[in-house]
Amino acid sequence: MPTRFPLTIRLLHWGMAVLILAMLFVGVGMLSTAGPAYAALLSLHRPLGAALFILVVIRLTIRLQTRAPPLPEDMPSLQKAVAKGSHVLLYAAMIAMPLIGWAMLSAGGYPVKLGPSFSLPPLVPQDLQLFGLLRTAHTLTAFAFFALILGHLSAALIHAFIRRDGVFSAMGFGRSRAKSSLSSSEVDG
Amino acid sequence: MKHPRPAAIAAVVAAPAALAVAFAWAGGWIGPKRLGGGAIADALEYNGGSHPGYRRAHAKGLCFTGVFEANGAGASLSRAAVFEAGSYPVFGRFSTAGGDPFATDGRNVFHAMALQITSPEGEIWRLAMDHTPIFPVATPQAFVELQRASRPDPATGKPDPAVMKDYLSRHPETKAYQDYIAAAPLPDSFANGTYYSINAFRFIDSAGEARAVRWSFEPETPLTVLDKQRLKEVPTDHLFDDMRERLTHGPVRWRMKIVVAAPGDPKSDATIAWPSDRRTVETGVLRIDRAGPEEAGLCRDVTFDPTILPAGIGLSDDPLLPARSAAYSSSFRRRAVETPGPSAVGKSLGAH
Ligand code: HEM
Ligand code: HEM
Ligand code: HEM
């Protein structure tokens, strides 16, 4: 059994973590101002969001073809289920956020501009009510995503500093210190 | 499990808490107050009252369709595709200023024209213009202050004179605008008004050279005016009925003129007009063919955010431009989650 995620997954995890947090901060930050930063941040937000969509597709493809290290044997099964469920939700949010962003601009009749002369085609037909729904969904999903990340971060730190059970180093780059405590019976991830 | 050390517990608690606080700061919920599009929309609602489903400004409108016939001259200033000689489809919206979708047309307020011009590749350009060459304020902060100060008192229908006087003492640019609009002719039709970009933009030509410009659409229909002393006698939907009626007799046209700034002209102050002798390039004719109520047209379900620009046109440093973008977005979002009601024109057509 592997004790760590494949290197590509680990690189993608940390790279995307930085970019996703940046997107959430840019998102709420741009709406807090009507100054020049609004226009500048919004034109950064769209291409960065689109790039994250490509990254999550690559990440999921690799993830489904490789093996993940099992969670520690002594972890209660409810906790394991929560851990796995929250990871599924994190993936769902990573896929949903860019798609909602793209669809909502399409429904609102906006060009989906990623650069000075590059735009995406509309994802859905123009429709005011649908725009309203998707715009609300973009906000609610973003806040749920952020809450999920806070919980995920807390759990990761508990594994790293309190349980010290090798879960953190499964996503890390240093030497794994807690190999022995990892289960050898779990096959899935 | 080993006994956790206090430092470990501190780290586990502090890191997520710090991230949450930083997020709240980025969003402007804690820390120094920032003015966002939502606060601007709030100020407009404070001034104009609550009209769910309608635009927070320029609420009363009429949709139209037409074409922009470019003569090719604009290509010397901007590489935007719609300046190459040819015909480009247009839709747009006539409107009067204010948040009330059923306000009377007998008011000395902005008459406005909004456009979307589409290039053959599907690139779009949105323009939202008023019938004055200048704006009452230069900054979003002053815009919000003015909305608050000029809120009509429900009892008198007029702004509180003391509040307004205090505002004007700090904003000579608004006073200058008021003097201008008091003296300027008020067109008696949408068809014979000149519509101005007011804000400056940047045109980039095919060699990559950038110039600051403003533009206007000048009517081919000769100007006739409303008597400002007798505005009370103007029928409620005069401007809107007039425009629909005119178009049943044939198209109405405007000439688009680009004005190029000279060095030293203010490019980030919408309250100051440029001298009239500036280099002007006529780039084509806007022809409007048909008009109809918003509920049956293309114009209601988009926002004419003036920062939606094709390649070859960019933003100037005018602080009103990003503020407009943020405010239009907020207004659009609000009315999209509300149910749009009938327009004034739609109502009157339904009644006939
Ligand atoms: C900011 C956005 C983040 C997202 C979207 C995210 C997403 C994910 C996902 C989906 C997994 C499951 C991996 C898989 O099964 O493929 C995971 C695992 C992990 N993450 Fe994150 N993560 C984020 C941030 C963080 C942060 C800030 C930390 C810690 C400081 C962290 C630590 C970990 C650890 C230790 C694992 C391994 C858990 C295990 O072995 O099952 N993550 N993350
Ligand atoms: C990982 C992907 C994304 C994240 C985490 C994200 C996050 C956010 C957040 C937090 C907001 C502020 C919401 C609010 O306070 O109401 C926001 C707004 C917005 N996002 Fe995203 N977003 C993502 C992808 C996208 C994409 C791909 C697009 C478009 C192509 C997009 C377009 C927008 C727009 C247009 C707004 C609103 C601007 C306004 O209302 O003025 N987002 N986003
Ligand atoms: C900071 C300054 C300004 C603010 C905050 C502002 C705000 C707004 C808002 C919120 C709307 C409604 C948008 C919607 O729901 O789709 C609107 C519409 C409009 N504004 Fe402004 N505006 C500003 C300056 C200007 C200027 C300088 C002009 C003219 C050059 C202008 C012309 C228009 C027009 C023509 C419309 C109607 C567009 C339509 O028919 O949809 N505005 N404005």
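Let's start with what surrounds ligand 1: its shell is made up of 16 nonpolar residues, three polar ones and two charged ones. Keep in mind as you look around that this is a predicted model.

Which residues in that shell come nearest to the ligand? Out of 21 residues around ligand 1, the nearest are His13(A), Arg63(A), His87(A), Tyr91(A) and His152(A). Try zooming in on a few of them. The side chain of His13(A) has an N or O atom 2.8 Å from a nitrogen atom of ligand 1. His152(A) also reaches a nitrogen atom of the ligand, with a polar side-chain atom 2.8 Å away. Tyr91(A) pairs up with an oxygen atom of ligand 1 instead, and here the gap to an N or O atom of the side chain is 2.7 Å.

Now step back and see where the shell comes from. Five helices of chain A, namely α1 (7–31), α2 (36–65), α3 (77–107), α4 (128–163) and α5 (167–170), each put at least two residues into the shell around ligand 1. The top contributor is α1(A), which gives five residues.

Next, move over to ligand 2. Where does it sit? You'll find ligand 2 between chains A and B. There are 26 residues around it, and the nearest are Tyr38(A), His45(A), His138(A), Thr139(A) and Ser329(B). So what does the mix look like by class? The shell around ligand 2 holds 16 nonpolar, seven polar and three charged residues.

Both chains touch the oxygen atoms of this ligand. From chain A, the side chain of Tyr38(A) has an N or O atom 2.7 Å from an oxygen atom of ligand 2, and Arg135(A) places a polar side-chain atom 2.8 Å from an oxygen atom of the ligand. From chain B, Ser329(B) has a polar side-chain atom 2.8 Å from an oxygen atom of ligand 2.

The helices tell a two-chain story here as well. From chain A, α1, α2, α3 and α4 each supply at least two residues of the shell around ligand 2, and so does α7 of chain B. Which helix gives the most to this shell? That would be α2(A), with seven residues.

Let's finish with ligand 3 and follow helix α7 of chain B, which spans residues 320–337 and contains Tyr328(B). What does the protein offer the iron atom of ligand 3 as a donor? Just a single one: the OH of Tyr328(B), 2.1 Å from the iron.

Notes. Residues are numbered from 1 along each chain as its sequence is written. Chains are lettered from A and ligands numbered from 1 in the order in which they are written. This is a predicted model: local features need pLDDT of at least 70, side-chain atom pairs count only at pLDDT 80 or more; totals for chains, interfaces and linings use all residues. Side-chain values use heavy atoms; hydrogens and water are left out. Donors are N, O and S atoms within 2.8 Å of the metal (3.2 Å for Na, K and Ca); water is not among the atoms, so sites may look incomplete. Helices (H or I, at least four residues) and strands (E, at least two) are DSSP runs, numbered from the N terminus. A residue is near a molecule or strand if one of its heavy atoms lies within 4 Å of it. A polar contact is a pair of N or O atoms within 3.5 Å; within protein, one must be able to donate a hydrogen and the other to accept it, and residues adjacent in sequence count only if both atoms are side-chain atoms. Ala, Val, Leu, Ile, Met, Phe, Trp, Tyr, Cys and Pro count as nonpolar, Asp, Glu, Lys and Arg as charged, and the others, Gly among them, as polar.
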